[in-house]
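Let's take a walk through this fold, from the strand layout down to single residues. Keep the viewer open as you read.

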Amino acid sequence: MGTQEHLQRRRFLRLVTGVPVLGAALSFLSPLLRLLKPNDRPFEVFYNPTRRDIPLGEVTVAASLREVARPWDFKYFVFTQKYPQYTPTGLRQASVPAVVLRLPQKIRLPWDWAGQIGKPQLVGRESDIIIFSRICPHLGCIFNFVPNWQEVTAGYGGYVPPPPRRHALIACPCHLSIFDPADPQQPGRVLSGPAPRPPRTFLYEIRGEQIVATDVEPGGIA
Ligand code: FES
C-alpha cells in the first residue's frame, strides 16, 4: 500500500470513528442547551385543537354516580390516551391510571386548561366530583388515594396533616409526596414532598347515571 493511500485510509478511519463521539457530545449538549434556553412557545402552539397531531383520549366511563355517592367514595379506572406517532397505525396508546372521587363539598374545578382545548364553557365549573390522573407529577410513579389520613402518617414518611386537612389524602409511595384533593383554592395542593404541582385533572361529563372522563390535562409529567 502506498504512503498516499495509507494516509487517506487513516483519515477516513479517523472520520468514521469521530461520528459516534460527535453524536455522544451532541446528545449531551442538547438537554443542556434546552435548559439554558427553554422552549417558551405559548401553550396553544403545543395544544391547538385545530391541529391533528394532538393527543386524543378515549372517552371512558370512570364510575357510576352510585359508586361515588357519599363523601370520599372513590374509584380507580384507566383512561387510554392516544399520541400521534410514526407507527403502522399512526398512534401510540398510553394507559393513564386515574381516580374519580366525591369530595365532601363543592369546589371550583381546576379546569382553566379546558379553554385551551376548545371547551371554554367548562372553565369555572363547580362540583364535588373530581378526577385526578394517578401519575405523580414528581417523577411519574402511580400514587394512591388514602381514605384514612392516619395511614398516610403511618405509611408515607410520618407526615401529620394539620387539623383542617385530617381527611382522605393522596400519597405517592416513591418519594412520599402528599396532596390534598379537597383544597378549595387548589385541588390536589402539594402538602409535603418533592412534587412540583398538583396532579393533572380530567374533564368529565355526567351522562345519565355515569361519570364519563373525556380529556386529561395536557403536558409532561412535571
Ligand atoms: S414520583 Fe411521586 S413523589 Fe416522586
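What follows covers the overall layout, the strand pairing, the nonpolar cores, some loop residues and one pocket.

One thing up front: this is a predicted model. The protein has three helices and 11 strands, and reading along the sequence gives the pattern α-α-β-β-β-β-β-β-α-β-β-β-β-β. Of its 222 residues, 36% are buried. If you take the contacts between residues at least 6 apart in sequence, 54% of them join residues at least 24 apart.

**Strands and hairpins**

Start with the open sheet, which has four strands in the order 1-3-4-5, paired antiparallel. Strand 1 (56-57) and strand 5 (126-133) sit at the edges with a single partner strand each, so one side of each has no neighbour in the sheet. As general background, strands of a sheet pair through backbone hydrogen bonds, either parallel or antiparallel.

Strand 1 is held to strand 3 by two bridges, and Gly57 has Gln81 as its bridge partner there. Between strand 3 (residues 74-84) and strand 4 (residues 91-108) there are 11 bridges. To find your bearings along that pairing, look for Lys75 across from its bridge partner Val100, and for Tyr83 with its bridge partner Arg92. These two strands make a hairpin with six residues between them, and Gly90 in the turn has a positive phi of about 80 degrees.

Strand 11 is worth a look too. Two strands pair with it: strand 2, through four bridges, and strand 10, through six. Both pairings are antiparallel. Ala213 is a handy marker here, as Thr60 stands opposite it and Tyr204 has it as a bridge partner. Strand 10 and strand 11 form a hairpin with two residues between them, and Gly208 in that turn has a positive phi of about 60 degrees. Strand 11 is also mostly covered, with six of its seven residues buried.

Here are the antiparallel pairings just described, side by side.

| Strand pair | Bridges | A partner pair |
|---|---|---|
| Strand 1 and strand 3 | Two bridges | Gly57 and Gln81 |
| Strand 3 and strand 4 | 11 bridges | Lys75 and Val100 |
| Strand 2 and strand 11 | Four bridges | Thr60 and Ala213 |
| Strand 10 and strand 11 | Six bridges | Tyr204 and Ala213 |

**What fills the inside**

In soluble globular proteins, nonpolar side chains tend to be buried together. Here the largest nonpolar core has 38 residues, and the ones with the most contacts inside it are Phe77, Val100, Leu101, Trp111, Ile131 and Phe202. Two or more residues each come from strand 2 (60-64), strand 3, strand 4, strand 5, strand 10 (202-207) and strand 11 (210-216). Strand 4 gives the largest share, seven residues.

Which residues does Phe77 touch, leaving aside its neighbours within four places in sequence? They are Thr60, Ala62, Val96, Pro97, Ala98, Val99, Val100, Ile131 and Ala213.

Apart from this core lies another, of eight residues, including Trp149, Val152, Tyr156 and Tyr159.

**Residues in the loops**

Trp72 sits in the loop between strand 2 and strand 3. Its phi is positive, about 75 degrees, although it is not a glycine. Is Trp72 buried or exposed? Its relative accessibility is 19%, and the cut-off for buried is under 20%, so Trp72 counts as buried.

Leu176 is another non-glycine residue with a positive phi, near 65 degrees. Leu176 lies in the loop between strand 7 and strand 8, and it is partly exposed, with a relative accessible area of 32%.

That loop, between strand 7 (169-171) and strand 8 (178-180), also holds Ser177. At 1% relative accessibility, Ser177 counts as buried. Not counting residues up to four places away in sequence, Ser177 touches Ile170, Ala171, Cys172, Ser192, Gly193, Pro194 and Ala195.

**A pocket to finish**

The second largest pocket holds about 210 Å³ of space. It is lined by 13 residues, and those closest to its centre are Pro110, Gln185, Gln186, Pro187 and Pro198. By class, the lining has six nonpolar, three polar and four charged residues.

How values were computed. Residues are numbered from 1 along each chain as its sequence is written. This is a predicted model: local features need pLDDT of at least 70, side-chain atom pairs count only at pLDDT 80 or more; totals for chains, interfaces and linings use all residues. Side-chain values use heavy atoms; hydrogens and water are left out. On a 1 Å grid over the protein atoms alone, a cavity is a set of points where a 1.4 Å probe fits but cannot get out, and a pocket is an open set with protein on both sides within 12 Å along at least five of seven lines; lining residues have an atom within 4 Å of a point. Grid points are joined across faces, edges and corners, and a volume is the space filled by probe spheres set on the points. Ala, Val, Leu, Ile, Met, Phe, Trp, Tyr, Cys and Pro count as nonpolar, Asp, Glu, Lys and Arg as charged, and the others, Gly among them, as polar. Two strands pair if DSSP finds at least two bridges between them. A nonpolar core is a set of buried Ala, Val, Leu, Ile, Met, Phe, Trp, Tyr and Cys residues joined through side-chain atoms within 4.5 Å. Buried means under 20% relative accessible area, exposed over 50%, partly exposed in between (1.4 Å probe, protein chains only). Contact means heavy atoms within 4.5 Å.
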